[in-house]
Amino acid sequence: MKIAITVGLLFLVVQNILAQDVSPRPDYENVNITLTGKITDGLTDKPIPGAVVRVAAANTGTPAVATDNYYSTIKITAQDGSFEILHIPFNSQYNVTITAIGYGTGMRTINFNEPGEEETGRKSIITKALGTISLLPEANNLKSVVVTSTARPALQFGIDRKIFDVEKNITSKGGTAVDVMKNIPSLTVDVEGNVQMRNSSPQILIDGRPTILTLDQIPADDIERIELLTNPSAKYDASSAGGIINIVLKQNKRKGFNGIASVGAGTPGVLNGNISLNVRQKSFNVFGSANYNQSDGTTNERAYRINKDNGIVTDYFTQNSSNKRHRKFYSIRVGADYFIDSKTTLSFTQGFHNGRFSNHEDQDQQYFDSLQQLDYTGLRYTDGTGNFSRSSSRLSFDKTFKSPDQKLTADVTYNKGTRGSGSDIFNNYYSPDGSIYQPQSHVRNDGSGNDDQLTVQADYSNKINESRRVEFGLRSFTSNTTTRFGTYAVDNAVETKLPLSSNYKYKETVNAGYFNYADKWKSFQYQLGLRMEFSKLDGHLMDSALSFGYKYPEDLKHFWDALFPSIFITKKLNENQDIQLNYSRRIRRPRFWEVNPFIDINDPLNIRQGNPALRPEYTNSLEFNYFNQYKSGSFLGVLYFKNNQGDITSYSDTITTDVYKQLINAGVSPNAILNTFINAGYTNRMGAEFTVTKKFFDNLEFTYNLDLQYRQTSAKVNDLDLSNSGFYWDTKLITNYKIVTPQKSLFNNLSFQLIADYEAPRVIPQGKTKQQFVSDFAMRKEFLRNKKAAISFNINDIFNTRRWGTIYDTEDFYQDAYRRWDVRTFRITFSYKFGNGDFDIFKKRNNNGGANDDEG
C-alpha cells in the first residue's frame with residue numbers, strides 16, 4: 001500500500017486530532033456510526049490502495065474522534081481500495097474527505113437524522129455504505145497524455161502477500177522476467193533462470209492462472225507488478241508448496257488513446273524494443289503490446305572431479321567449457337474489454353510468443369590417473385539450435401453486485417505451444433603426445449514437442465457485513481504434453497538410433513473446489529479455508545509399454561490426500577502494527593522433466609534423467625508474521641516452519657554399467673555422474689526472514705531483506721543414507737535514490753538504483769551449493785514535459801560473478817563445479833509516453849471542419 005508515502009502526513013493529522021473533539025448530540029451519546037466504501041481511479045476503474053479517508057464535522061470542519069480510543073476516524077485504503085471506519089460519534093452531518101497522491105480530492109457530505117435500529121451491547125449502530133467513490137487524476141495530469149505515477153512505494157505488504165512494483169526496478173528495463181526476479185527480496189535465481197523462494201520452488205502464475213511460458217520468455221516491460229504469496233490460502237492451487245509468484249501484466253484502461261514505446265541496445269549483442277497501445281472509447285477498451293528481445297554472450301563453466309572406489313582415489317578429471325549463445329524472443333499481446341454496464345465487464349486477451357536460440361560450445365577435458373599423471377585429453381564441440389512458438393487465450397467475465405464487496409468472476413484460459421531442438425556433438429580424444437587416443441564420435445539429437453493447457457475457473461466472494469466474508473470457487477485444469485526425441489550415432493554419414501531416444505506423452509488433470517470463511521472475534525480477525533483437489537497424471541513411453549504417473553487420492557481410504565486446509569489469524573495491535581499466525585497444507589506434484597526417463601547428455605560429465613517412480617510430496621507450512629508501519633518505512637518479521645513429507649530432491653551417483661552401455665556411442669565418460677530425483681523421507685525448513693524498508697529525506701529509499709534458515713533432510717536410497725543438515729542465509733539490499741529539485745537542472749529527475757545480493761553455501765543431500773555474490777546498477781533520467789521521455793542505463797552483474805556452483809562429497813566421488821547461464825550485460829534504453837486523453841473515434845466532423853458532439 002502507499003502507506004510509506006502518506007504515513008508522515010497521517011502522523012501530523014493524528015497529532016492534531018488528539019487535541020480536538022467533536023461532541024456528539026447529547027440525546028445520541030450512545031449512538032455510533034460505521035462507514036464503509038471503496039476508492040477507485042475514475043479513469044481506469046482500478047482500486048486505489050493507500051488513499052487517506054478522513055471524517056470531520058460538516059459545520060466546523062473539526063475532525064471526529066472515535067468513541068473507542070483503539071480506533072481512528074482516519075483510514076488508509078486496503079489493496080483493493082476498500083475502507084471501514086468504526087466508532088464514529090453521532091452527529092447530524094459529516095464530511096468525508098479522500099486524498100491520494102496524484103489525484104484530486106474527493107468529498108462526500110452525509111446527513112444523519114435518526115439512529116439505527118441495530119443494537120450491539122448498549123450502543124446503537126448506524127451503518128452507512130458509501131459505495132464506490134472515484135477520484136480523478138489531478139488536472140495537470142489530465143492535460144498531459146501520459147500515464148501518470150502515483151508514487152507508490154516499490155514494496156507493499158498485503159495481508160497474505162508482498163507486492164513489488166516493477167516500474168520501480170530500473171535495473172530490469174529492457175530485460176525479461178528473470179531480470180525482475182533477481183532483484184526481488186525473498187527470491188533467488190539459479191544459473192538456468194529457475195527461481196526459488198526460501199529455498200523452495202514456487203508455482204509461477206500469470207494474472208493468477210497457470211502458464212507454459214518460462215520466465216525468460218516474458219518481457220520485463222510487460223509486467224506491472226509481482227506478488228509473492230509465501231503461504232497461500234485455500235483459494236489458491238494446492239500445488240504451491242513452495243509458495244506462489246503471481247506475475248501481473250500491464251493492462252491499461254485509461255480513457256482516450258495512449259501508449260508507451262521503448263528501444264534499447266547494449267553489449268554483448270543486446271537489442272530490445274517494446275510498444276504498448278491502449279484505446280478506451282465508450283463501452284470498449286482495446287489494448288496491445290509487442291516486444292522484441294535479443295542477447296548474446298559467452299559463458300564459462302568449470303568442473304573438478306575426484307573419482308573413488310570405496311573411498312580410495314582411482315582417477316581425476318577436469319573440464320572447462322566455453323559456450324557462445326544467441327537468443328531472440330518475440331511476443332505480441334492484444335486484448336479488449338467490453339463494459340456491459342458499470343458493474344459488468346467481459347474481457348478477452350490473446351498472446352503470441354516465439355523464440356529462436358543457438359549455441360556453440362567448446363569443451364576441454366583432461367583425464368588423470370590416481371597419481372595425477374595425464375592419461376588423455378578430450379575436445380568436445382556442440383552446435384545446437386532451438387525454437388518455440390506459444391499462444392495464450394483468456395476469456396473473462398467480471399460481475400459486481402449491489403455492494404462492491406460482492407463479486408463473481410469466471411474465466412477460461414487456454415495455452416498452446418510447440419517446441420523444437422537439435423544439436424550435433426563431436427567428441428575427440430588424444431594421448432598426451434597428441435596422437436589420437438580413440439576414434440572421433442558424432443552424436444546428433446533431434447527433438448520436438450507439443451503442449452496445451454486448459455483452465456476453467458469461477459470465483460464468488462461476498463462481504464456479508466463489516467466483519468464477515470465468504471468466498472468459494474471451482475477450478476478444472478487439464479494439461480497435455482507430447483515429446484519426441486531422437487538420438488543418433490553418426491558414422492560415415494550412417495546414422496544409428498541410440499537407446500537414448502525417447503517418445504513420450506502425458507496428461508495431467510486437477511479438479512478442485514474451495515471455501516473460505518472470514519470473521520472477527522473480539523480483536524482478532526480470522527479466515528478458515530478448505531480446498532479439495534483430485535489429481536491424476538498418466539504418462540506413457542510411446543516406444544515401449546512403460547507407463548508412469550499417479551492418482552490422488554488413490555482410493556476412499558486416502559481421502560485426506562485430497563483435503564488442503566488453511567487458517568489465518570490476525571490481531572491488530574494498533575493502527576500501524578499487526579501480528580498474524582497462519583497454517584496451510586499443500587502438495588507438490590512432480591514436474592514432467594522430473595518423471596521423464598529420458599537421459600540428457602549435453603554435459604558428458606553430468607548427465608540427467610527423470611524418475612518415473614516419483615510421488616507427490618506434501619507440505620505443512622506454519623508462519624508467524626509481525627508487521628510494523630512506521631513514519632518513514634516498514635518492518636516485516638517472519639518466523640516459519642515447513643515440513644515436506646516425501647520431499648522431491650536431487651540425487652547424484654556415478655552411472656551404472658548398464659547405463660554406460662546405452663551411452664557408449666554418445667561420448668559420455670564411464671565415470672559420469674547421473675543426476676536424478678528421489679522422494680526423501682522428509683525435509684524440515686526452519687527459518688526467520690526480515691524485510692525492512694526505510695526512507696531517508698524525500699529521495700533515498702532502502703529495502704533490506706535477510707533470510708536465515710536451518711534445513712534438515714532425511715533420505716535413504718537402498719542402503720545409502722543421504723541425510724544432511726545445515727544452516728543457510730542470504731541477504732539482499734535494494735537502494736533507490738532520485739534527484740528532485742524545484743529548479744531546472746540537468747540532474748533533476750535522475751534516478752539511481754543499486755542492488756546487491758549474497759547467498760551463503762546451502763546444504764543439499766550429498767554436499768552443498770557454493771556461495772554467490774551479485775550486484776546490479778542502473779540510472780534513469782526523465783525529461784521533456786510531464787516526464788514523457790526517459791533514458792536508462794543499466795549494468796547487470798557488475799562484477800561478472802553470477803554463477804551457480806555445487807560441491808559433492810560422497811564415497812564414490814568428489815566434485816567441485818560451477819555453471820553460468822547469463823553474463824554481465826550493459827544496456828541503454830529510451831522510452832517515450834504518448835497519447836491523447838480527448839481522443840474520441842466516435843466524434844464526427846461537420847462540414848466546416850469543426851467537431852460535432854453527436855455520437856457516431
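Let's start with a strand pair. Strand β2, residues 52–57, and strand β5, residues 93–99, pair in the antiparallel sense over six bridges. Val 53 stands opposite Ile 98 in β5. Keep those two residues in mind. And note that this is a predicted model.

Now the sheet around that pair. Four strands form an open sheet, in the order β3-β2-β5-β6, and the pairing is antiparallel. β3, 74–76, and β6, 106–111, stand at the edges. Each has a single partner strand, so one side of each is left without a neighbour in the sheet. On average, neighbouring strands here are turned by 20° against each other, direction ignored.

Next, the packing. In soluble globular proteins, nonpolar side chains tend to be buried together. The largest nonpolar core in this model has 24 residues. Which residues have the most contacts inside it? Leu 35 and Ile 39. The elements giving two or more residues to this core are β1 (31–41), β2, β4 (82–89), β5 and β8 (123–135). Take Ile 39. Leaving out residues up to four places away in sequence, Ile 39 touches Val 53 and Ile 98, among others. So our opening pair is back. The contacts of Ile 39 also include Pro 47, Phe 83, Ile 133 and Leu 135. Apart from this core lies another, of 22 residues. Among them are Val 166, Leu 187, Ile 206 and Ala 220.On to the long strands. β22, residues 406–430, and β23, residues 436–463, pair in the antiparallel sense over 24 bridges. In β23, the bridge partner of Ser 421 is Gly 447. Five residues lie between the strands of this hairpin, and Gly 434 takes a positive phi near 95°. β23 pairs again, with β24, residues 469–491. That pairing is antiparallel too, over 22 bridges. Here the bridge partner of Asn 445 is Thr 487, in β24. β23 and β24 form a hairpin with five residues between them.

Another open sheet has four strands, in the order β31-β32-β36-β35, with mixed pairing. Its edge strands are β31, 599–600, and β35, 648–654, and each pairs on one side only. β31 and β32, residues 606–609, pair in the antiparallel sense over two bridges. In β32, Gln 609 is the bridge partner of Ile 599.

One polar detail. Ser 634 is found in strand β34, residues 633–645. Buried or exposed? At 3% relative accessibility, Ser 634 counts as buried. A polar contact of 2.6 Å joins the side chains of Ser 634 and Thr 693.

Last, the backbone. Most residues other than glycine have a negative phi, and most peptide bonds are trans. Here are some exceptions. The peptide bond from Thr 267 to Pro 268 is cis, with omega near 0°. Pro 268 is found in the loop between β16 and β17. A cis peptide bond also joins Tyr 552 and Pro 553, with omega about -10°. Pro 553 is found in the loop between β28 and β29.

Then two asparagines. Asn 492 has a positive phi of about 50°. Asn 492 is in the loop between β24 and β25, and is exposed, with a relative accessible area of 72%. Asn 749 has a positive phi of about 60°. Its place is in the loop between β41 and β42. Asn 749 is buried, with a relative accessible area of 13%.

Definitions and conventions: Residues numbered from 1 in each chain as written. Predicted model: local features only at pLDDT ≥ 70, side-chain atom pairs only at ≥ 80, totals over all residues. Heavy atoms only, no water. Pairing = 2+ DSSP bridges. Axes fitted to C-alpha atoms, helices over the stretch in contact; angles between N-to-C directions. Core = buried A, V, L, I, M, F, W, Y, C linked by side-chain atoms within 4.5 Å. Buried < 20%, exposed > 50% of the residue type's maximum accessible area, 1.4 Å probe, protein only. Contact = heavy atoms within 4.5 Å. Polar contact = N/O pair within 3.5 Å; in protein donor to acceptor, adjacent residues only side chain to side chain.
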